[in-house]
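Subject: Structure for your review

Dear colleague,

Please find below the structure that I am handing over to you. My findings follow it, and I would be grateful if you could read them alongside the coordinates.

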Amino acid sequence: MDGHGQSDEAASKAWRGAASGVVSAPVARVWELVSSTSRLREWMPMVESCTAVAGDEDVPGYVRLVRGGLMFPQQQQGSSWVRERLVAMDHTARSYTYLMEDGNVGLAGSRNTISLLDYGGGATLVVWSFEMEPVDDANQDALLDYLRILYKSCIDTIPLCLL
């Protein structure tokens with residue numbers, strides 16, 4: 001087992017990717033923004049609402065419901081939604097991980113980790129990594145490229161929130 005309840009074989013078949021960018025702001029200011037569920041809409045343009053469902057925001061086990069009209073292409077009408085559970089929060093290392101537990105976007109079970117690193121000179125490196133089980137009837141490269149572009153657009157929005 002890999003420590004997350006997955007066999008080593010299942011973990012090796014997971015689809016993985018990451019998006020990153022340098023933000024011209026001190027790491028503490030960026031962390032204040034990206035670690036707060038109540039500020040999610042500010043730096044994730046595709047998010048329409050984010051509602052607490054259970055638990056305390058900074059404590060693993062916290063569950064939130066995220067809705068957005070343009071998060072992921074849909075065949076059905078209506079907005080996209082995901083229910084996410086916080087599985088790790090490290091304020092010292094400035095990193096957190098959410099597990100998508102459910103939703104109508106086909107990514108249940110995926111894990112997203114956001115990590116911040118002091119890039120020097122008052123700048124911050126933001127890294128958004130993700131991992132998911134293979135998605136039936138999906139092109140792996142196309143899906144991973146789409147997620148990289150989507151998550152990079154969020155990272156690119158961060159400086160506008162810190163003006």
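I begin with E48, which is placed in the loop between helix 3 (40-43) and strand 2 (49-54). Please bear in mind throughout that this is a predicted model. With a relative accessible area of 45%, E48 is partly exposed. Leaving aside residues up to four places away in sequence, E48 touches R41, R67, G68, G69 and S79. One of these partners, R67, is 19 residues from E48 along the chain, and the C-alpha atoms of the two are separated by 5.6 Å.

As to the overall fold, the protein chain contains 4 helices and 7 strands. Their order along the sequence is α-β-α-α-β-β-β-β-β-β-α. Of the 163 residues in the protein chain, 39% are buried. If one takes the contacts between residues at least 6 apart in sequence, 50% of them join residues at least 24 apart. The accessible surface of the protein chain amounts to about 8600 Å², and carbon and sulfur atoms account for 51% of that surface.

I then turned to the aromatic residues, where the count comes to 5 aromatic pairs. One of them is the edge-to-face pair of Y96 and Y98, with 5.8 Å centre to centre and 85° between the planes. Both Y96 and Y98 are buried. A further pair, W128 and Y151, is stacked, at 4.0 Å centre to centre and with 5° between the planes. Because W128 belongs to strand 7 (residues 123-132) and Y151 to helix 4 (residues 140-161), this pair ties together parts that are 23 residues apart in sequence. W128 and Y151 are both buried. Ring pairs also join W128 and Y151 with W43 and F130 in a cluster.

Y98 has a charged partner as well: the charged end of R64 sits over the ring of Y98, 3.7 Å from the ring centre. Both of these residues reappear in the description of the internal space. The structure holds 2 cavities of 30 Å³ or more. The second largest cavity encloses about 30 Å³ of space. Its lining consists of V34, S35, S36, T37, L40, R64, M89, Y96 and Y98. The edge-to-face pair described above, Y96 and Y98, is thus found among the lining residues of the second largest cavity.

Finally, two loop residues deserve a look at their backbone angles. Most residues other than glycine have a negative phi. Which value does phi take in R94? Phi of R94 is near 55°, a positive value in a residue other than glycine. R94 is located in the loop between strand 4 (80-90) and strand 5 (95-103). Its relative accessibility is 25%, so R94 counts as partly exposed. D137 likewise is not a glycine and has a positive phi, of about 60°. The loop between strand 7 and helix 4 holds D137. Is D137 buried or exposed? With a relative accessible area of 86%, D137 is exposed. The loop of D137 connects strand 7 and helix 4, the elements in which W128 and Y151 lie.

With kind regards

Methods
Residues numbered from 1 in each chain as written. Predicted model: local features only at pLDDT ≥ 70, side-chain atom pairs only at ≥ 80, totals over all residues. Heavy atoms only, no water. Helix = DSSP H or I, 4+ residues; strand = E, 2+ residues; numbered from the N terminus. Buried < 20%, exposed > 50% of the residue type's maximum accessible area, 1.4 Å probe, protein only. Contact = heavy atoms within 4.5 Å. Areas by Shrake-Rupley, 256 points an atom, 1.4 Å probe, with all protein chains shown as cover. Phe/Tyr/Trp six-rings, centres within 6.5 Å; stacked < 30°, edge-to-face > 60°. Lys NZ or Arg CZ within 6 Å of the ring centre and 35° of its normal. 1 Å grid on protein atoms, 1.4 Å probe; cavity = no way out; pocket = protein on both sides within 12 Å on 5 of 7 lines; lining within 4 Å. Points joined across faces, edges and corners; volume = space filled by probe spheres on them.
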